[in-house]
Amino acid sequence: MSGDYNMSMRKFLKQVGVTSQKAIEEGLRKAGNPAGKSFEAKMVLTIDGLEVEHVVTGRIKDGDA
């Protein structure tokens with residue numbers, strides 16, 4: 001795989017990580033920063049033209065949860 005491919009993929013994944021963290025933090029703020037709670041999370045990656053759908057699930061929790 002080419003260097004351009006690797007750089008574009010790394011840039012995309014960094015953007016996903018940064019914007020996802022901001023969205024989660026905003027959601028927590030809107031919910032009043034609920035201490036001691038945990039939330040089920042799901043991220044779905046789709047890639048047009050490659051017929052890719054990748055699902056990642058997990059739990060996001062407060063340090064006291």
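**Figure 1. The overall fold: 1 helix and 2 strands.** This is a predicted model, and reading along the sequence gives the pattern α-β-β. Helix 1 covers residues 3-30, strand 1 takes up residues 38-47 and strand 2 residues 52-61. That's the whole cast as far as helices and strands go.

**Figure 2. The protein's outline, with its C-alpha atoms in a box of roughly 45 × 20 × 20 Å.** That box is taken along the principal axes. The radius of gyration comes out at 15 Å, while a compact globule of 65 residues would sit near 11 Å. Have a look at the contacts too: of those between residues at least 6 apart in sequence, 29% join residues at least 24 apart.

**Figure 3. The surface, about 5,800 Å² of it exposed.** Carbon and sulfur atoms supply 54% of that area. As for the inside, buried residues make up just 3% of the 65 in the protein. The charges are here as well, 10 positive and 9 negative, and the mean positions of the two sets lie 6 Å apart.

**Figure 4. A close-up of helix 1 around Phe 12.** Phe 12 has its place in this helix, which spans residues 3-30. Is its side of the story buried or exposed? Neither, quite: Phe 12 counts as partly exposed because its relative accessibility is 40%, and that class lies between the under 20% of buried and the over 50% of exposed. For a sense of scale, go from Phe 12 to Glu 26: the two are 14 residues apart in sequence, and their C-alpha atoms are 21 Å apart in space.

**Figure 5. The strand pair, joined by 10 bridges.** Strand 1 and strand 2 run antiparallel. Two of the bridge partnerships are worth picking out: Ala 41 pairs with Gly 58 of strand 2, and Leu 45 pairs with His 54, again in strand 2. Something to keep in mind while viewing: side chains in a regular strand alternate between the two faces of the sheet.

**Figure 6. The turn of the hairpin, with Gly 49 in it.** Strand 1 and strand 2 make up this hairpin, with 4 residues between them. Which backbone angle should you check at Gly 49 in the turn? Take phi: at Gly 49 phi is positive, at about 90°.

How values were computed:
Residues are numbered from 1 along each chain as its sequence is written. This is a predicted model: local features need pLDDT of at least 70, side-chain atom pairs count only at pLDDT 80 or more; totals for chains, interfaces and linings use all residues. Side-chain values use heavy atoms; hydrogens and water are left out. The radius of gyration is taken over C-alpha atoms; the globule rule is 2.2 Å times the number of residues to the power 0.38. Buried means under 20% relative accessible area, exposed over 50%, partly exposed in between (1.4 Å probe, protein chains only). Contact means heavy atoms within 4.5 Å. Accessible areas come from the Shrake-Rupley method with a 1.4 Å probe; for residues, only the protein chains shown count as cover. Lys and Arg count as positive and Asp and Glu as negative; His and the chain ends are not counted. The place of a charge is taken as NZ of Lys, CZ of Arg, CG of Asp or CD of Glu. Two strands pair if DSSP finds at least two bridges between them.
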